[in-house]
Amino acid sequence: LVEEEAKSLPMELSEKGGVENNGFVQNEAVDDRGTNPSTQEEMPKACVVDVDAAATEEPVLKPYAGMPKEVLLKFSSQAQYRVTREILFWLTIATAVLLVCATIAIIALSPKCLDWWQAGPIYQIYPRSFRDSNMDGNGDLKGIQEKLDHITYLNIKTIWITSFYKSPLKDLGYGAEDFYDIDPMFGSMSDFENLVATIHDRGLKVIMDLIPNHTSDKHQWFQLSRNRTGKYTDYYIWQDCGQAEGSITPPNNWVSVYGDSSWQFDDVREQCYFHQFGKEQPDLNFHNLAVQQEIQDIIKFWLGKGIDGFSFSAVKYLLEAKHLRDEPLVNKSQNPENITAYSQLYHDYTTTQVGMHDIIRSFRHTMNQFSSEPGRYRFMGSDGDEKEDMEATMMYYGTTFVEEADFPFNFNLVNMKNLSGNSIFEAVNLWMKNMPAGKWPNWAVGSPNAARLSSRIGKEYVNVMNMLLLTLPGTPVTYYGEEIGMENIASESVSEECKNSDPVVTFPEKSPMQWDGKVNAGFTEGNSTWLPVNPNYQSVNVEIQMTWSNSTLNLYRELTSLRNDELPIHRGWMCYIWNDSNVFVYVRELDGLDRVFLMVLNFGQESTIDLKAVVPNLPPKATVRLSTNFSNAGKAVNTDQIKTEMGEGLILEYKTAKPVHTMKDFQTNCFVAEKACYSSAFNLLYATC
């Protein structure tokens, strides 16, 4: 009975919700091996404890910050979290795809960005006349480095330094004695490397001259050639000359650019060598592939030094006809024995020969090898110099599929015989109508080989010419000093030493840069200068013009700022709308922009024109954005009565929904190089309008 009660007690506790603790109960398998009553009494009895059932329920977990992986996984499979996660995932994918598509669309629709040589003016420096740093009276490379602040003040990004190779300076450095060295007059190779590094540190670019056609007669190649040494024997163009009674008879009637026969007898080799220019500048033989390779190596050398581009000069003279026939006379009735001037012959056999453009294209190919790095495109310019044959000049642009020069330098505005609104129109139109589609124009109003702008056309027209230069489409080129209106020095003030260095080289336009009103115009701290400083330097200099609000210098700076800031001016359409003997009028506009810039430039006498009658959709009034007379800025003018004084230039701004280039009557007068359209909604440019 006691045993039965003992057995029933745990059962009752269990039914009442108790919990049995079997922690010290032996394994039941042991009991199965056999026990006896005596051992059962010694075994411990089961201990039963009454526990509340609510306390044993597992607590409900909720998500919390920092939960471990095991807890996180319990929630991740729940529908409310899984659906949200999947929605966010697909939204992310869709957004990424949309962004990729938008990027591709923007790239596909965006116009080609303007390269560095297109984006702003090029400033041409004649190094001997820019700034003297060592007081010897000659400008040098360190002097250029000292004056880089002036370049940035003008908002200019590209510097063009004319020839500074080691040279006898017989032609002011254009006949190199060593293409791999700097003439000591200008400094050292270390000075050059420092200059290039400083230029690049300022975010500027630098290009230099290369004249591959000829060398100096002091060049090592010529010395080896005249002695018939190895491969150099045929580096130059040698021919036997007839000799009779001590006089030399040249192989043909070819005449030098400077006049008289282009053949010179050499006593060492006892043959005549050919020279297109001075007798101290023998022409290289570009029919010889070894010569072509030498020039390629020179290009690579200077590109390796960090130069951003080259201006190749005298390239039309690279090849001559091998048959050496006499060139035809311009005047058939003239006695052939009296031919002494270059202009008396048609130069059919000494310029622009078959194969010449192939050589120039090989230069381009070499330069492209250095243009693969982003932002390091190497510019190539050439001097077409075909004043009478514009079609021949345009060939230097190359074709769509065969690259050549980025542009041949355009000196139409320099070579004008007279100044008027009509002559300016003709010079501009001649280039634009002949330029191949998609190519980039360029303009220059000064040059080391032409009279200063002030001296050539009159100082009253300097400002309006600079306004023209900086508002035409394409790349403007400014010769040092034109930004302050420098003038030629008097020819009689040039020393006999300079005149005797080369009688055909002109000096009046190469006088020292006028920096301030101090002695020698701030060009040098020394006592003398290689050429005289213009006597007007106290009123025409950089320092004083920086303080005059209406100065030529500050107008130039305002024009470059306007060009940089306004899309229509640096890459929009140009349309001529009027020209006469006094004024030249054109607009600059961009698809998608309702703002138009109207240039009214006076190159004659006082004039009043009614442009409303010419362009019916022109608004009745326009605002003066910039004027050669600064006091006119901001004024409103009536478009049916626009008055300009002699040499005055106006940049007018107006708004319209009907730009000129969309008007049927003007479409043949409109040009665009890098077409672009503006989206005001997205504030970006796109290509398809």
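Start by selecting E280, which is partly exposed because its relative accessible area is 21%; partly exposed covers the range between buried (under 20% relative accessible area) and exposed (over 50%), with a 1.4 Å probe and protein chains only. Now add K279, partly exposed at 42%. K279 forms a salt bridge with E280, and the closest N and O atoms are 3.2 Å apart. A salt bridge here is a side-chain nitrogen of Lys or Arg within 4 Å of a carboxyl oxygen of Asp or Glu.

Before moving on, a word about the model: it is predicted, local features need pLDDT of at least 70, side-chain atom pairs count only at pLDDT 80 or more, and totals for chains, interfaces and linings use all residues. Residues are numbered from 1 along each chain as its sequence is written, and side-chain values use heavy atoms, leaving out hydrogens and water.

**More salt bridges**

Next, select D308 and R376. Their side chains meet in a salt bridge, at 3.5 Å from N to O. D308 sits in the loop between α11 and β13 (309–312) and R376 in the loop between α12 and β14 (379–382), so the pair ties together parts that are 68 residues apart in sequence. Are these two residues buried or exposed? Both D308 and R376 are buried.

Move to R202 and D149, another salt bridge, whose closest N and O atoms are 2.8 Å apart. R202 is in the loop between α9 (189–201) and β7 (205–210), while D149 belongs to helix α8 (residues 148–153), so this pair ties together parts 53 residues apart in sequence. Colour by accessibility and you will find R202 partly exposed at 35% and D149 partly exposed at 49%.

Then pick E566, R595, R625 and E653 together: they are linked in a network of salt bridges. A search of the whole structure finds 19 salt bridges.

**Two helices that cross**

Show helix α11 (residues 289–304) and helix α12 (residues 356–368) as ribbons. Their axes come within 10 Å and cross at roughly 35 degrees. The axes are lines fitted to C-alpha atoms over the stretch in contact, with angles running from 0 to 180 degrees between N-to-C directions. Helices (H or I, at least four residues) and strands (E, at least two) are DSSP runs, numbered from the N terminus. The crossing of α11 and α12 is right-handed, meaning that the near helix is turned clockwise from the far one by less than a right angle.

Which residues make the contact? On α11, choose Q292, I295, Q296, I299, K300 and L303; on α12, choose I359, S362, F363, T366 and M367. Contact means heavy atoms within 4.5 Å. These residues divide into six nonpolar, four polar and one charged.

**An annotated span**

Select residues 87–109, which UniProt lists in an unreviewed entry as "transmembrane region". In the model this span is 100% helix and 0% strand, and its end C-alpha atoms lie 32 Å apart.

**An exposed serine**

Now find S549, in the loop between α18 (542–547) and α19 (552–565). S549 is exposed, with a relative accessible area of 56%. Leaving aside residues up to four places away in sequence, S549 touches N554 and F630. Add S631 as well: S549 and S631 are 82 residues apart in sequence, yet 9.5 Å apart in space, C-alpha to C-alpha.

**The whole chain**

Finally, zoom out. The protein chain has 21 helices and 28 strands, and buried residues make up 52% of its 689 residues. Of the contacts with a separation of 6 or more, 68% are between residues 24 or more positions apart.

Notes
Ala, Val, Leu, Ile, Met, Phe, Trp, Tyr, Cys and Pro count as nonpolar, Asp, Glu, Lys and Arg as charged, and the others, Gly among them, as polar. UniProt positions are given in the numbering used here, feature names are shortened, and annotations may be inferred rather than shown by experiment.
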